[in-house]
Amino acid sequence: MKTLPLKLLTEPFLQFPTQTSIKVVWFTEFMGDGHAVAYGSNLLESVFTKNIRPIHLREDQQSRVENQTADGQVYHKPVLREIWRHEANLTNLTPGKRISYRVTSITENSELISTKTYTLEPAPLPGKPLKILLTSDHQIKPMVAANLQKVRETFKRIDAVFFAGDLVNIPDRASEWFDDNRGNAFFPCLQGRANYVMEYDGIQTTYTGGQIIQNAPIFPCIGNHEVMGRFNTGKSLNEEFNDTIPRNIAEEEDNSFNTNTFEKIFSLPQTETGEKGYYAVTFGDVRLVVLYITNMWRYPTTENSHKGKYAEPEKELKNPENWGYGQHIYEPIYEGSTQYNWLVNELNSTEFQQAKYKVVMFHHPPHTLGDNIVPAYTDPVQIIERDNNGNVTSVRYEYPKEQDYINRDVIPLLETAGVQLVFYGHSHLWNRFVSPNGMHFLETSNVGNSYGAAWGDRKRNNVPNSGDDNYVEIGDPYGLEPIVPTIAPLLDENGQPLPYISSNEITVFSIFDTEQGTISSYRFDTSKPNSEVVKFDEFRLKS
């Protein structure tokens, strides 16, 4: 039997540069005898890596990997997959000087596997013109490879990626990151190694994504799809993902929820309190503040015994250990919480206040036409009803809109601090808003697919208590009007311009040009593969 030659699981990607250093990371399926980065003039300098094995990465019956193209063909339960992460920290670099680099892994059989040569540089100094890709919600969705391919075709250079959460669908499923056999896993799409076929009118087009993160650092934040539920329960990975419960209910952390895989894949800065879910970095003229603002997404109803946003399924009323506790929040952000206090300190820091552009990124929307903004971002209020014998007859959850932590506590703080842009995702559409004080809000998450916009006659799905202001069916629940694209909006059936894009054929990306201070948004119609990329909106940040 012929043995296939070993290869690297990813190309290298860049992480968290300082003005004199940067981290180079890649993955293999073997521990190897050594891993190193060669860099600099003629690649004469080298640095070896530190290596870890992310222990939660697994495959299961719903993976699409190697020969498994349908559920359960190869895997019948979650199985650990041996994957190794290699990280080299390159130091003593010169700001503004871009250099070549190449990574090499040595197998246990002394075989050398090297990549192509790429380029890197440390964090740019203020004043350097940058083009930054704003993206989110890839989740191995159908249009991602096309989207990123068009980014690279439109822009020869991308200097950084700001990623507003939901990188994959099930974070502990290894193939979604590395080698899903449909050709559109996370790293291949962002490294120009995808192989995803789209078909319209009998014509097939293969998209390869874009070679981006080999040469530009990626700054991610935690979305709800970076959070796994109770670990190692014997259930499928999908069931494990949906099985999160609040920390105060769980007896131990593995029986609550975790972001272990996300934290192991990326080189996240650590705050003074040891937290890894939120951070701030300076990149050229930009101070980027990344917050951990996301909660558990639950089904609108309890049909098919789903744990619901608003209630527990009837068959589980006697089994509190199986309750979902509504759309519980993963990391507190209310006034006085640890994260809130960290944010206050950051907004008062010299690094933040001296930055030309102040950008805050998180996952959950403060303003959107999407469905996922309802119910409010607040701790669910649990209401248990019992009969005369003390038996539980219903468990339901309410979410008072006036207690929405983002709009009540966070947004006023950001306005006062002079933040120019709040960037987020979650609802899989493009729309933007401007506050009365001029702070911009952008959701540019119609990357891989969409679920619709609450506009015109289209109401949000399964919103309870019609007419109750806590659960708004149409428009932005927090009172801002969406901005009609300034250049080439899509039109409705009456020829009127639409203030959003929500499409499973048209994919959208946005670019922050720090030289001009502009955020420009582009669309590409995947149903017309020979069509041009269209710039449809642009606005300018006041510096």
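Pro375 lies in the loop between β19 (357-361) and β20 (381-386). The peptide bond that leads into Pro375 from Val374 is cis, with omega near 5 degrees. These values, like those that follow, come from a predicted model.

The overall form was examined next. The protein has 543 residues and a radius of gyration of 23 Å, which agrees with the value near 24 Å expected for a compact globule. The C-alpha trace spans about 80 × 55 × 55 Å along its principal axes. Its secondary structure consists of 8 helices and 27 strands. Of the 543 residues, 59% count as buried. Contacts were also sorted by sequence separation. Among those between residues at least 6 apart in sequence, 68% join residues at least 24 apart.

The surface and the charges were then considered. About 22,400 Å² of the protein is exposed. Carbon and sulfur atoms supply 45% of that area. The side chains include 50 positive and 69 negative ones. The centres of these two sets lie 5 Å apart.

Helix α1 covers residues 144-154. This helix is mostly covered, with 8 of its 11 residues buried. The buried residues are Val144, Ala145, Ala146, Asn147, Leu148, Gln149, Lys150 and Val151. Several elements contribute to their cover. Among them are the strands β12 (131-135), β14 (196-200) and β15 (203-207). The helix α3 (186-190) also takes part, as do β25 (506-513) and β26 (518-525).

The loop between β12 and α1 holds three residues of interest. One of them is His138. His138 counts as buried because its relative accessibility is 2%, under the 20% cut-off. Beyond its neighbours within four places in sequence, His138 is in contact with Val144 and Leu148, both of which are buried residues of α1. Other contacts of His138 include Phe163, Asp166 and Leu167. Phe186, Leu190 and Val447 are also in contact with His138. Trp177 is 39 residues from His138 in sequence. In space, the C-alpha atoms of His138 and Trp177 are 11 Å apart.

Gln139 lies in this loop between β12 and α1 as well. Gln139 is not a glycine, yet its phi is positive, at about 50 degrees. With a relative accessible area of 4%, Gln139 is buried. Ile140 is also found in the loop between β12 and α1. Phi of Ile140 is near 45 degrees, again a positive value in a residue other than glycine. Ile140 is buried too, with a relative accessible area of 15%.

Finally, the cysteines were checked for bonds. A search of the whole structure finds 0 disulfides. Cys189 is in no disulfide, and the nearest cysteine sulfur, that of Cys221, is 19 Å away. A disulfide requires two cysteine sulfur atoms within 2.5 Å. The sulfur of Cys221 is therefore too far for a bond, since the closest cysteine sulfur, in Cys189, is 19 Å away. Both residues are covered. Cys189 is buried, with a relative accessible area of 1%. Cys221 is likewise buried, at 0% relative accessibility.

Conventions. Residues are numbered from 1 along each chain as its sequence is written. This is a predicted model: local features need pLDDT of at least 70, side-chain atom pairs count only at pLDDT 80 or more; totals for chains, interfaces and linings use all residues. Side-chain values use heavy atoms; hydrogens and water are left out. Buried means under 20% relative accessible area, exposed over 50%, partly exposed in between (1.4 Å probe, protein chains only). Helices (H or I, at least four residues) and strands (E, at least two) are DSSP runs, numbered from the N terminus. The radius of gyration is taken over C-alpha atoms; the globule rule is 2.2 Å times the number of residues to the power 0.38. Contact means heavy atoms within 4.5 Å. Accessible areas come from the Shrake-Rupley method with a 1.4 Å probe; for residues, only the protein chains shown count as cover. Lys and Arg count as positive and Asp and Glu as negative; His and the chain ends are not counted. The place of a charge is taken as NZ of Lys, CZ of Arg, CG of Asp or CD of Glu.
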